[in-house]
Each structure stands twice: as C-alpha cells, then as structure tokens.
Amino acid sequence: MEKNASIYVAGHRGMVGSALVRKLRAEGFNNLIVRTSSELDLRNQRAVADFFEEERPEYVFLAAAKVGGILANNIYRAEFLYDNLLIEANIIHSAYQNSVRKLLFLGSSCIYPKLAPQPLKEEYLLSGYLEATNEPYAIAKIAGIKLCEAYRNQYGCNFISAMPTNLYGPNDNYELQGSHVLPALIRKFHEAKLNGDAVVEVWGTGSPKREFLHADDLAAACFFLMENYDDELFVNIGTGEDVSIRELAELVKETVGFEGDLQWDLSKPDGTPRKLMDVSRIQNLGWKHETQLKDGLKRTYQDFLVNEVQLLS
Ligand code: GDP
C-alpha cells in the first residue's frame, strides 16, 4: 500500500478496528476512511453501495461485525447470523463493484469444527460439526471466507481472509452478559476488589482452553498480510499457546489484585473444549506475535482503569 492510499477500516470503533487504525496511523497512513454505525448502517445494501461509489476506497479492512461472548452468541442467534451475513455480503460485493485493489476479511477461530484435531490447521475448515453455542456466528464467518474465495475465483479480486483467535485489548466490550471471558473477568475481579467481596463467580467448569492474542498484535498481523499475502487460502492468526479458563482466571485475579475465591457457575456453558490455532502458516510467512499474555493483561487492566467510566457506560 502507498502511504497516501485510501483505506477504509470498517468497524473502526471496535477493539479490532481501532487497533487497525492505530497501526495504520503509526505506519504513516493518513488517508483513512471511517464511518460510525449511525453514519453508515452496513446492513443496508443501498447505503453501502452509495458509500463505496462516493468514497472509492483502494483498500478495505473488514473488521465490522456483530460480536460477543458465549452467552450473547447463544441468545442472539438470529442477529449474529443476519447482521454478519449482511455486513460482509454488502461490503465484499461493493468492494468488487468498485474495483477495490485489496480487501482483508476478518473471521474467527470458531469457524472450525467443535472437535477438530488440535492445533487447528486451516485445512480443517468444514471437516465436522460446529460448536452449537456459536454456530450462527461461525456460519456467517464461513460465508465471508467463501465470498472472498468466490469473488477471487470468478472475478480475480484480491480478497484475502484472516482468522484470529480470541482477542483482548483496548476498547473491548465489558458488558457482562455480552462480553468475552477476559474482559468479563477483569471487570468482575476489579469490582469485587472494590466492594470487598469474598467470591467471584466464573462460568462453566474452568477446564476449556483458550488462546488469547492482543489486539495490537492482530493489527500488526493484518497489516503484514495486507502488505505480503495475496493467496486464496485464509490464514490463522494467534500465538499458538493456550491456557485453561481456570489458569486465565487465576492470572486475571493476580493482575487485578483480588484476594478472594473463585466460584464456578456450572449452569453456564463451557463451549468448545479447546481451540488452539496452528500458526505455522503465518509464522512461515514471517510474522509472529510480540505480546505475552501476562504483559498484555497488565496493559489491558491499566487501560481499563484509565477508561473505566467510558468502557462501562
Ligand atoms: P468462546 O471462546 O466463544 O467460548 O467465548 P467466551 O470468551 O465468552 O468464553 C470462553 C470460556 O470462558 C467459556 O468456557 C466460558 O464459559 C468461560 N467463562 C468463564 N467465566 C466467564 C465470564 O464471566 N464471561 C464469559 N463470556 N465467559 C466466561
């Protein structure tokens, strides 16, 4: 990408989109195009088509999506499927119609079958049944990958896809019913510490394992792929290391400085037992993550403390 290239970052207010904007600005790209969801409803085909015709971005990072943790995915099944299908279909089709030079679509590690062998290799896509709690989201993300492949095959569009593992960092969602585990635990332990509570409730059994990547590392990986990767096969982005939810809970507890106990709420779902990414593909291309979980967690808690009022409003 040339430094003055026009780059549309879809979803720039989210954790991933805002990390992408920080990364692009740091690399000297200042011709960024962004729209809030009230300025542009990405589910509206006409509005997206008009926006692309008017702005004619040369590059697109597709980081806009309806996202959430295990409970939100399981409850708002219709919106997770409908909104995500519309967002990606509208953007990818408009990118084709307006000759976007390159587009990067962001998916998720939940596209893989629930019981796929670990670590998850890219070729395991569609080799088994999906995890039930996030099947609608996963189906939408798989459709996004297939849209990129189809427009590439039929029309020669340079549309690539990247599948990040579980993410954390600034601008995360701390709303307890909708959030992912890591921000939920930061908030729960923080509030319990302030209230002097003796126990914090944690969901499930604690035995599922998850891999966590800092959003700034993800943004660096996306930038790397945009600059260096032009193939059809999507690419996993992660650290290649995972921890159990129990280990994560202990780590967050220590980081926040909560001194009470954990209580496991077995009425909440565990979800997929494990989803560790095989990251050999991106590492062989020349990219590796930088942030270790312990350090990233400290930074994220500091960011939470600074922005608490805004994050919890
Ligand atoms: P997932 O990776 O799609 O399953 O999404 P989550 O990040 O929401 O959940 C990961 C795991 O953490 C699941 O096994 C949850 O049951 C567990 N977990 C434990 N406590 C919490 C919590 O307070 N919030 C969330 N979202 N998950 C929790």
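This briefing describes the surroundings of the ligand and the internal cavity of the structure. The model is a predicted one. In it, 17 residues surround the ligand, and the structure holds 1 cavity of 30 Å³ or more.

**Shell around the ligand**

- Of the residues that surround the ligand, the closest are I70, K188, R210, P269 and D270.
- By class, the shell around the ligand consists of 8 nonpolar, 5 polar and 4 charged residues.
- Helix α6 supplies the largest share of this shell, with 3 residues.

**Polar contacts and burial of the ligand**

- Backbone atoms of two residues take part: a polar backbone atom of P269 is 2.7 Å from an oxygen atom of the ligand, and a backbone N or O atom of S179 lies 2.9 Å from a ligand nitrogen atom.
- From a side chain, a polar atom of K275 lies 3.2 Å from an oxygen atom of the ligand.
- The ligand exposes 530 Å² when taken alone, and the protein buries 98% of that area.
- Two or more residues of the shell around the ligand are given by each of the elements α6 (181–195) and β7 (199–203).

**Largest cavity**

- The volume of the largest cavity is about 60 Å³.
- Its lining is formed by S109, C110, Y112, P113, K114, Q118, L120, E131, N134, T272, R274 and K275.
- The lining of the largest cavity divides by class into 4 nonpolar, 4 polar and 4 charged residues.
- K275 thus appears in two settings: K275 is among the residues that line the largest cavity, and a polar side-chain atom of K275 lies 3.2 Å from a ligand oxygen atom.

Notes. Residues numbered from 1 in each chain as written. Predicted model: local features only at pLDDT ≥ 70, side-chain atom pairs only at ≥ 80, totals over all residues. Heavy atoms only, no water. Near = heavy atom within 4 Å. Polar contact = N/O pair within 3.5 Å; in protein donor to acceptor, adjacent residues only side chain to side chain. Areas by Shrake-Rupley, 256 points an atom, 1.4 Å probe, with all protein chains shown as cover. Helix = DSSP H or I, 4+ residues; strand = E, 2+ residues; numbered from the N terminus. Nonpolar A, V, L, I, M, F, W, Y, C, P; charged D, E, K, R; others polar. 1 Å grid on protein atoms, 1.4 Å probe; cavity = no way out; pocket = protein on both sides within 12 Å on 5 of 7 lines; lining within 4 Å. Points joined across faces, edges and corners; volume = space filled by probe spheres on them.
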